[in-house]
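The following exercises are intended for a reader who meets this structure for the first time. Please attempt each task before reading its solution.

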Amino acid sequence: MVARVQPSDVPRSRLASSATGKAGEASALDEVGSLLHETLGERVTGELRALLIAGRLAPGEKLSLRRVAEALGVSMMPVREAVSRLAADKALEVLPGRAVRVPVLTLAQFRELTRIRLVVEGFAAEEATKVITDEQIAVVARHEAAFLAAAKDPPDPAAAVAANRDLHFALYEAAGMPSLIEMISRLWLKAGPILNLDMRHEPRRLDGGSAVVAHAALLKALRRRDPAAARQALVEDISAAAEHIERTARLAE
């Protein structure tokens, strides 16, 4: 369930001083209001980004802006602002009549996205392995254990999806490159819905599947501090998932 977004309270002292100041100072209050609105827009964007990356929103799913606003406890304005930002990143699309939906990738788009992910996320895995600490490896291992637990029969696809996302980003964050994380997050905005829809609809792939094998190889490479092996494990993980999605024909032509 999406947490309600609560606007920050403007200190009473600032409001009082603005209200009692000279007429020429009225713009200061306007500026405070503008900054508050911008913060809400960013926070709504963050909530929607998290849902997309986690695969909680499926390809082709339409969004009601009013329902989003009600769920987050905000007005329509920050929701529209968030949708505009995500549409600019091509993570959402605005249809005729102002309807909003999660894009449906074509086969060509998905293949292009996969090729980019192999390069960028493979690089992240390699760089992370060079500097990762024992504590960070332990975090990755905990997420792998959570994934294995969720993959057992009967599988828990929602928990598996969450553990898979957490494992990947724990690895990438270990590289210590904020710009790289931002880049990967943008890729997952587009890839997350179809990747996680596949995992939810094909739970039999979880127990003993390609992701389990790739995650085990990745963790082994991290413990050996072997950047090339870590990159290879990550590449195999992404490639196997992409090949399966193409075979299931969940993509538009």
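Five exercises with worked solutions follow.

The model is predicted: local features need pLDDT of at least 70, side-chain atom pairs count only at pLDDT 80 or more, and totals for chains, interfaces and linings use all residues. Residues are numbered from 1 along each chain as its sequence is written, and side-chain values use heavy atoms, with hydrogens and water left out.

**Exercise 1. The overall layout**

Task: State how many helices and strands the protein chain has, and in what order its elements run.

Solution. Begin with the definition: helices (H or I, at least four residues) and strands (E, at least two) are DSSP runs, numbered from the N terminus. By this rule the protein chain has ten helices and three strands. Read from the N terminus, the order is α-α-β-α-α-β-β-α-α-α-α-α-α. Next, consider burial, where buried means under 20% relative accessible area, exposed over 50%, and partly exposed in between (1.4 Å probe, protein chains only). Of the 253 residues in the protein chain, 41% are buried. Finally, consider contacts, meaning heavy atoms within 4.5 Å. Among contacts between residues at least 6 apart in sequence, 79% join residues at least 24 apart.

**Exercise 2. The length of helix α7**

Task: Determine what span helix α7 (residues 157-173) should have, and compare this with the distance between its end C-alpha atoms.

Solution. The expected span of a helix is 1.5 Å times one less than its number of residues. Helix α7 has 17 residues, so its expected span is 24 Å. The end C-alpha atoms of α7 are 24 Å apart, which agrees. As a further step, examine burial along α7: the buried residues include Pro157, Ala160, Val161, Leu167, His168, Leu171 and Tyr172.

**Exercise 3. The packing of α5 and α7**

Task: Describe the angle and axis distance at which α5 and α7 pack, and identify the residues that make the contact.

Solution. Two packed helices are described by the angle between their axes and the distance between the axes. Axes are lines fitted to C-alpha atoms, for helices over the stretch in contact, and angles run from 0 to 180 degrees between N-to-C directions. For α5 and α7 the angle is about 60° and the axes lie 8 Å apart. This makes α5 oblique to α7, given that angles under 35 degrees count as roughly parallel, over 145 as roughly antiparallel, 65 to 115 as roughly perpendicular and the rest as oblique. On the α5 side the contact is made by Glu121, Ala124, Ala125 and Ala128, and on the α7 side by His168, Leu171 and Tyr172. These residues divide into five nonpolar, one polar and one charged. In this count, Ala, Val, Leu, Ile, Met, Phe, Trp, Tyr, Cys and Pro are nonpolar, Asp, Glu, Lys and Arg are charged, and the others, Gly among them, are polar.

**Exercise 4. Salt bridges**

Task: For the salt bridges Glu81 with Arg85 and Arg231 with Glu126, state where the partners lie.

Solution. A salt bridge is a side-chain nitrogen of Lys or Arg within 4 Å of a carboxyl oxygen of Asp or Glu. The structure holds eleven of them. Take first Glu81 and Arg85, whose N to O distance is 2.7 Å. Both residues lie in helix α4 (residues 76-88), four residues apart, about one turn of the helix. Residues three or four places apart point the same way because an α-helix has 3.6 residues a turn. Glu81 is buried at 18% relative accessibility, whereas Arg85 is partly exposed at 30%.

Then take Arg231 and Glu126, whose closest N and O atoms are 2.7 Å apart. Arg231 belongs to helix α10 (residues 227-248) and Glu126 to helix α5 (residues 107-131), so the pair ties together parts that are 105 residues apart in sequence. Arg231 is partly exposed, at 26% relative accessibility.

**Exercise 5. Leu222 and two positive phi values**

Task: Establish whether Leu222 is buried or exposed, and locate Lys90 and Arg225.

Solution. Leu222 lies in helix α9 (residues 210-224) and is buried, at 0% relative accessibility. Leaving aside neighbours within four places in sequence, Leu222 is in contact with Thr129, Ile132, Ile137, Val140, Leu171 and Ala230. Turn next to Lys90, which is not a glycine yet has a positive phi of about 60°. Lys90 sits in the loop between α4 and β2 (93-94) and is exposed, at 59% relative accessibility. Arg225 also has a positive phi, near 55°. Its place is the loop between α9 and α10, and Arg225 is partly exposed, with a relative accessible area of 36%.
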